[in-house]
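Subject: Structure handover

Hello,

Here is the structure for you to load. My notes on what turned up follow below.

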Amino acid sequence: MLFDRIEDRLDNAAQRKVAAFIAERADEIFEFTCDLIRTPSVNPPGDEVAVSRVIMDRLAKLGIEDCSIAACLPDRPNVLARVAGTSPGRTLLLSGHIDTKPAGNMYEWKTDPWDPVVIDDELIGLGSGDMKASIAAMIYAAAALRELGEFPGELSLALTADEENGSQYGSKWLAAEGYIAADVCVIGEPAGVHEEWESIHLVSRGAALFKVVVIGTQMHSSISDQLPAVNATLKMAELALKMQGELRDYLTFDDHEYCRFGPTVNVGVTAQAGVTYGVFPGRAEFGVDIRTIPGMTEEQVQADVQRFLDDATASDSELDATLEWFLMVGATEIDGNDPIVQSLADASQQVLDRTPRLDAFPGATDAAYIQIAAGVPCIASFGPGFLPRAHSPNESMHKDGAAEAAMIYALSALDYLTKEHGTTA
Ligand SMILES: [Zn+2]
């Protein structure tokens with residue numbers, strides 16, 4: 001049963017008060033998650049106005065008066081909120097994104113993506129685990145601290161737009177405009193790769209994105225066997241296969257405790273070639289994404305890819321390939337000794353009766369901007385849901401995940417803000 005015997009694992013009156021507030025509202029938190037799923041915020045194209053209104057309404061209903069919209073474009077709102085304690089102290093930021101990926105292949109959805117249903121204890125709906133349950137949880141955790149009233153420091157929320165398509169209007173803009181400030185941040189992305197609540201993620205991997213353009217000989221296709229001609233499509237295919245097999249060995253990186261598999265190379269995430277029938281193909285290009293680990297720099301990755309292309313070109317006189325760099329989002333890492341790590345572990349033990357291990361989040365997150373640009377160390381992901389079900393048809397998560405997350409966030413926030421940590425960072 002949800003929160004069964006949690007009382008036995010709580011240490012003091014403040015924890016009991018916060019836990020009672022969440023436990024009494026477990027159904028309400030679930031229903032609010034469903035309200036968020038019912039409010040589409042698909043990105044691309046990207047429009048978070050409706051979902052931000054649902055969130056602002058709920059914050060007001062819960063008595064969280066210090067909340068506002070921050071937006072660089074009218075249809076790309078971010079929601080900011082804060083609950084201030086009664087004495088000076090640390091600031092904990094909880095952050096999550098309010099947009100979702102598109103539903104994708106509708107034929108594979110067994111239910112309406114925007115009409116949440118529970119089947120076999122699983123809440124099915126677009127953005128359930130990624131990450132509307134977490135958004136609901138953060139809002140109720142803030143409400144629990146507001147109800148408690150007396151605590152040091154401050155709990156703030158940054159509920160961001162545009163995370164699913166580059167964060168340009170979300171955390172990237174918020175960080176650049178000075179809206180992000182805290183001692184530490186917890187991002188509520190799904191915490192599991194193999195199971196729910198699997199790991200507290202200290203690392204957010206980065207992403208290096210680029211294209212390779214291959215030039216051949218564009219000409220009348222009827223005479224391609226009579227004149228010297230290089231088929232750009234086939235050259236691209238050869239190069240892409242070679243790159244998938246060999247590029248990783250060119251990459252410069254150090255072993256990392258939590259990134260046991262190192263960087264991930266994905267060649268051919270996009271591909272375009274040729275003109276039409278009758279035209280021998282003179283141009284082809286493919287996209288590559290490399291998921292990077294802490295320590296890998298944009299300069300070095302770019303140089304490593306160029307070195308691979310130089311070697312490939314040197315060994316094939318017909319190959320004309322050019323690197324078109326797009327961008328790199330850096331990896332981030334928080335010190336495992338940061339007090340928030342222990343606070344999250346302790347709260348997990350209290351709520352789930354087990355402690356998640358420490359790990360690296362495989363994807364990139366808003367940590368890239370909240371930590372690198374705004375300087376706030378981030379737990380890259382600790383939230384309800386399960387990564388393999390995100391971005392997929394029939395996205396789902398356990399129906400109790402939102403209430404569990406609210407309990408974990410509220411107890412860990414209380415612990416982090418009240419515990420004696422020595423001097424603030
Ligand atoms: Zn997400």
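The contact between the two domains involves 11 residues of domain 1 and 10 residues of domain 2. On the domain 1 side, strand 9 (199-204) and strand 17 (357-361) each give at least two residues. Strand 17 has the largest share there, with three residues. By class, that side of domain 1 holds eight nonpolar and three charged residues, and no polar ones. Please keep in mind that this is a predicted model.

The bounds come from the domain assignment. Domain 1 covers 6-205 + 331-418, and domain 2 covers 206-329. Their centres, taken over C-alpha atoms, are 37 Å apart.

Sheet with strands 1, 2, 6, 3, 7 and 18

This is an open sheet of six strands. The order is 1-2-6-3-7-18, and the pairing is mixed. Strand 1 (67-70) and strand 18 (378-379) are the edges, each pairing on one side only. Strand 18 runs parallel to strand 7 (residues 184-187), and two bridges join them. C185 has C378 of strand 18 as its bridge partner. Helix 4 packs on this sheet. It touches strand 2 (78-84), strand 3 (87-97) and strand 6 (152-160). The direction of helix 4 makes about 160° with that of strand 3.

Helix 4 and its helix partners

Helix 4 (residues 128-148) packs with helix 10 (residues 401-418). The angle is about 45° and the axes are 8 Å apart. The two helices are therefore oblique to each other. Helix 4 passes helix 10 in a right-handed crossing. On the helix 4 side, the contact residues include G129, A133, A137, Y140 and A144. On the helix 10 side, they include G401, A405, Y409 and A413. By class, this contact has 15 nonpolar and three polar residues, with no charged ones.

Helix 1 (residues 13-24) also packs with helix 4. Here the angle is about 130°, and the axes are 9 Å apart. That makes helix 1 oblique to helix 4. This crossing is right-handed too. A14, K17, V18, F21 and I22 of helix 1 make the contact with Y140, A144, L145, E147 and L148 of helix 4. Eight of these residues are nonpolar, two are charged and none is polar. Y140, A144 and L145 of helix 4 appear in the contact with helix 10 and in the contact with helix 1.

Sheet with strands 12, 14, 10 and 15

This one is an open sheet of four strands, ordered 12-14-10-15, with antiparallel pairing. Its edge strands are strand 12 (264-273) and strand 15 (321-329). From one strand to the next, the twist averages 20°. Strand 10 (residues 206-215) and strand 15 run antiparallel and are joined by eight bridges. Within strand 15, E324 is the bridge partner of K211.

Which strands does helix 6 touch on this sheet? Helix 6 (residues 232-250) touches strand 10, strand 12, strand 14 (283-292) and strand 15. Its direction makes about 175° with that of strand 12. Helix 7 (residues 298-314) lies across strand 10, strand 14 and strand 15. Helix 7 runs at about 160° to strand 15.

Best wishes

How values were computed:
Residues are numbered from 1 along each chain as its sequence is written. This is a predicted model: local features need pLDDT of at least 70, side-chain atom pairs count only at pLDDT 80 or more; totals for chains, interfaces and linings use all residues. Axes are lines fitted to C-alpha atoms, for helices over the stretch in contact, and angles run from 0 to 180 degrees between N-to-C directions. Angles under 35 degrees count as roughly parallel, over 145 as roughly antiparallel, 65 to 115 as roughly perpendicular and the rest as oblique. A crossing is left-handed if the near helix is turned anticlockwise from the far one by less than a right angle, and right-handed if clockwise. Two residues are in contact if their C-beta atoms, placed from the backbone, lie within 7 Å. Ala, Val, Leu, Ile, Met, Phe, Trp, Tyr, Cys and Pro count as nonpolar, Asp, Glu, Lys and Arg as charged, and the others, Gly among them, as polar. Domain bounds come from an automatic or database domain assignment. Two strands pair if DSSP finds at least two bridges between them.
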